[in-house]
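Work through the exercises below with the model open beside you, and try each task before you read its solution.

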Amino acid sequence: MKTFFEAYIWSLRSKLYRMAYLWLKNRDEAEDAVQEALEKAWYQREMLQKMDNPTGWMVRVVKNQSLQKLRDKQRWVVIESEESLPEIAVDEVDEVSPAVRMVFRFLKELPEKQQEVFQLREVEGLTYEEIAEYMEISMEQVKVNMFRARKKLQSFLTNQRK
């Protein structure tokens with residue numbers, strides 16, 4: 001029989017990885033962030049089992065780990081000019097379908113908060129409550145950002161057909 005950690009927390013690995021990759025845009029760093037978050041979860045497994053929303057806690061830990069990696073990276077990177085900034089291409093992901101490429105193009109056009117809410121809700125399947133807790137915003141703000149992202153998606157898809 002599986003433990004709570006194996007059945008519930010460990011099963012979140014791929015979802016957590018996709019979120020970390022969204023923020024870090026680097027596979028190795030995303031894997032490291034998830035591994036570090038899982039290690040923290042292991043040490044807190046008894047507390048996690050008693051939580052109402054362990055998924056929200058895990059997502060927050062992965063976000064914090066990702067942000068820390070970005071901060072650490074910025075301490076060491078010196079940008080000499082705008083031309084030296086690397087551009088992250090969708091092509092980095094192996095064998096991406098045209099539909100997925102279109103979604104990536106759409107997501108790039110959204111403001112950061114809408115990107116995050118859309119990703120967490122539509123791709124990762126988190127509830128509005130989990131998103132609000134994770135992003136530390138009100139439920140109303142989650143709904144407003146989701147509504148705006150969906151309206152922009154509708155407009156984006158309409159323009160793609162023309």
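**Exercise 1. Determine the order of secondary structure elements along the sequence, and count the helices and strands.**

Solution. Reading along the sequence of this predicted model, we find the pattern α-α-α-α-α-α-α-α-α. Counting the elements then gives nine helices and zero strands. As a further step, we can ask what share of the 162 residues is buried, and the computed value is 34%. Turning to contacts with a separation of 6 or more, we find that 63% of them are accounted for by residues 24 or more positions apart.

**Exercise 2. Describe how α2 and α3 are placed relative to each other, and name the residues through which they meet.**

Solution. We begin with the axes of the two helices, which come within 8 Å and cross at roughly 130°. An angle from 65 to 115 degrees would count as roughly perpendicular and one over 145 as roughly antiparallel, and α2 and α3 are therefore oblique to each other. The next step is the handedness, and the crossing of α2 and α3 is right-handed. Finally, we look at the contact itself, where Arg13, Leu16, Tyr17, Ala20, Tyr21 and Leu24 of α2 meet residues of α3, namely Arg27, Glu29, Ala30, Glu31, Ala33, Val34 and Leu38.

**Exercise 3. Carry out the analysis for α7 and α8.**

Solution. Here the axes come within 10 Å, and the crossing angle is roughly 135°. By the angle classes, α7 and α8 are therefore oblique to each other. The crossing in which α7 passes α8 is right-handed. On the α7 side the contact is made by Lys113, Glu116, Val117, Leu120 and Arg121, while α8 contributes Tyr128, Ile131, Tyr134 and Met135.

**Exercise 4. Find which residues touch the most other members of the largest nonpolar core, and work out which elements and domains build this core.**

Solution. The largest nonpolar core holds 38 residues, and those touching the most other members are Met58 and Leu120. Two or more residues come from each of α1 (4-9), α2 (13-24), α3 (27-43), α5 (54-76), α6 (98-109), α7 (112-123), α8 (128-135) and α9 (139-161). The largest share, seven residues, is given by α2. Looking at domains, we see that domain 1 (1-80) and domain 2 (96-161) each supply at least three residues to this core.

As a last step, we follow Leu120 to its partners, leaving aside residues up to four places away in sequence: Leu120 touches Met19, Val59, Gly125, Leu126, Ile131, Tyr134 and Met135. In soluble globular proteins, nonpolar side chains tend to be buried together.

Terms used:
Residues numbered from 1 in each chain as written. Predicted model: local features only at pLDDT ≥ 70, side-chain atom pairs only at ≥ 80, totals over all residues. Heavy atoms only, no water. Core = buried A, V, L, I, M, F, W, Y, C linked by side-chain atoms within 4.5 Å. Buried < 20%, exposed > 50% of the residue type's maximum accessible area, 1.4 Å probe, protein only. Helix = DSSP H or I, 4+ residues; strand = E, 2+ residues; numbered from the N terminus. Domains from an automatic or database assignment. Contact = heavy atoms within 4.5 Å. Axes fitted to C-alpha atoms, helices over the stretch in contact; angles between N-to-C directions. Parallel < 35°, antiparallel > 145°, perpendicular 65-115°, else oblique. Left-handed = near helix turned anticlockwise from the far one by under 90°.
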